[in-house]
There are 2 protein chains.
Amino acid sequence: MKPYLYAIAVVSLVAAYAMAGSSSKTPTPASAQTLRQLEVEFMNAAATQGIAGYMSFYADDAVQLGNGADAQKGKPAISKTMAFLNDKDNHLAWTPAFADISGDLGYTYGTFQFRTRDKDGKSIISYGKYATIWKKQPDGTWKIVLDMGNDSPTPK
Amino acid sequence: MKPYLYAIAVVSLVAAYAMAGSSSKTPTPASAQTLRQLEVEFMNAAATQGIAGYMSFYADDAVQLGNGADAQKGKPAISKTMAFLNDKDNHLAWTPAFADISGDLGYTYGTFQFRTRDKDGKSIISYGKYATIWKKQPDGTWKIVLDMGNDSPTPK
């Protein structure tokens with residue numbers, strides 16, 4: 001290696017180390033964009049890993065306020081109501097419309113579509129809205145502490 | 001006024017002024033209890049002043065995610081869907097089950113009962129759950145920025 005190339009390589013390594021060090025000491029503060037990104041990862045996890053991927057975004061003490069049901073508290077109870085995600089005929093997709101964050105709390109809300117098959121195998125779609133409250137956990141990750149859904153009219 | 005009474009009065013005034021000054025400079029930080037207290041005031045305002053009292057707790061840019069309806073954005077739209085509160089046969093009561101707060105955001109959730117009369121005048125009750133997201137406004141007050149409800153089974 002020519003001496004000036006060596007110097008550039010050393011400078012690059014030092015710069016990379018300094019940037020890595022600085023990022024681990026002062027992580028980027030969470031923003032509304034953090035929650036929008038989490039929503040994308042959340043949906044991908046549910047689509048590719050089913051209920052296990054879906055539940056990995058929930059805090060241990062999360063509560064689910066499902067339409068027509070009593071409140072479900074804790075991951076085991078929520079996991080039971082969401083087990084339908086493991087059925088290959090069921091497809092849940094959602095679209096965040098808004099995200100806000102302050103301190104250790106944030107929320108997203110938006111619309112969802114649930115696609116399944118009736119007993120004759122015909123595809124049926126239902127529509128709804130959701131709100132999700134996220135909380136920063138002691139380990140620094142953001143998890144869902146409340147998840148609520150209800151029905152929407154079929155879009156015209 | 002006797003001199004010692006005058007002295008007591010002056011001391012009282014000074015003490016009152018000092019307390020008022022201190023409380024306006026360093027207000028008690030908002031806590032989950034702040035939101036629980038707001039929920040009580042919110043329900044009282046709705047019960048005694050109808051829709052005007054109810055809407056006074058909403059932020060201008062609030063969104064309402066009502067069951068079976070599309071999202072309603074802004075106080076005029078929300079006010080329209082809640083106009084049923086002005087009918088003396090309609091009684092909406094709710095019970096917060098949980099409150100949390102961090103930074104400028106907080107939330108409450110719980111259950112509600114809606115009591116009305118059918119066309120024959122018979123009293124009917126429906127049950128549901130709600131989640132309310134509160135946000136500290138530029139003037140320091142906490143207002144509702146999101147309100148969502150859905151159905152619950154009739155309690156056994």
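Two strands are counted as paired if DSSP finds at least two bridges between them. In this predicted model, eleven bridges join β3 of chain A to strand β4 (residues 105-117) of chain A, and the two run antiparallel. Within this pairing A:Leu92 stands opposite A:Phe114, a residue of β4(A).

The wider sheet of chain A is open and has six strands in the order β2-β1-β6-β5-β4-β3, with mixed pairing. Its edges are formed by β2 (72-73) and β3 (91-102) of chain A, each of which has a single partner strand, so one side of each is left without a neighbour in the sheet. Helix α2 (residues 32-55) of chain A lies across β1 (58-65), β3, β4, β5 (123-136) and β6 (142-151) of chain A, and it runs at about 150° to β3(A).

The largest nonpolar core has 50 residues, and among those with the most contacts inside it are A:Trp134 and B:Trp134, together with A:Leu146 and B:Leu146. Leaving aside neighbours within four places in sequence, A:Trp134 is in contact with residues that include A:Leu35, A:Leu38, A:Tyr107 and A:Trp142.

The contact between the chains takes 22 residues from chain B and 21 residues from chain A. On the side of chain B that touches chain A, each of the following strands supplies at least two residues.

| Strand of chain B | Residues |
|---|---|
| β3 | 91-102 |
| β4 | 105-117 |
| β5 | 123-136 |
| β6 | 142-151 |

By residue class, that side of chain B divides into ten nonpolar, seven polar and five charged residues.

How values were computed
Residues numbered from 1 in each chain as written. Chains lettered and ligands numbered in written order. Predicted model: local features only at pLDDT ≥ 70, side-chain atom pairs only at ≥ 80, totals over all residues. Contact = placed C-beta atoms within 7 Å. Helix = DSSP H or I, 4+ residues; strand = E, 2+ residues; numbered from the N terminus. Nonpolar A, V, L, I, M, F, W, Y, C, P; charged D, E, K, R; others polar. Core = buried A, V, L, I, M, F, W, Y, C linked by C-beta atoms within 7 Å. Buried ≥ 20, exposed ≤ 12 C-beta atoms within 10 Å, placed from the backbone. Axes fitted to C-alpha atoms, helices over the stretch in contact; angles between N-to-C directions.
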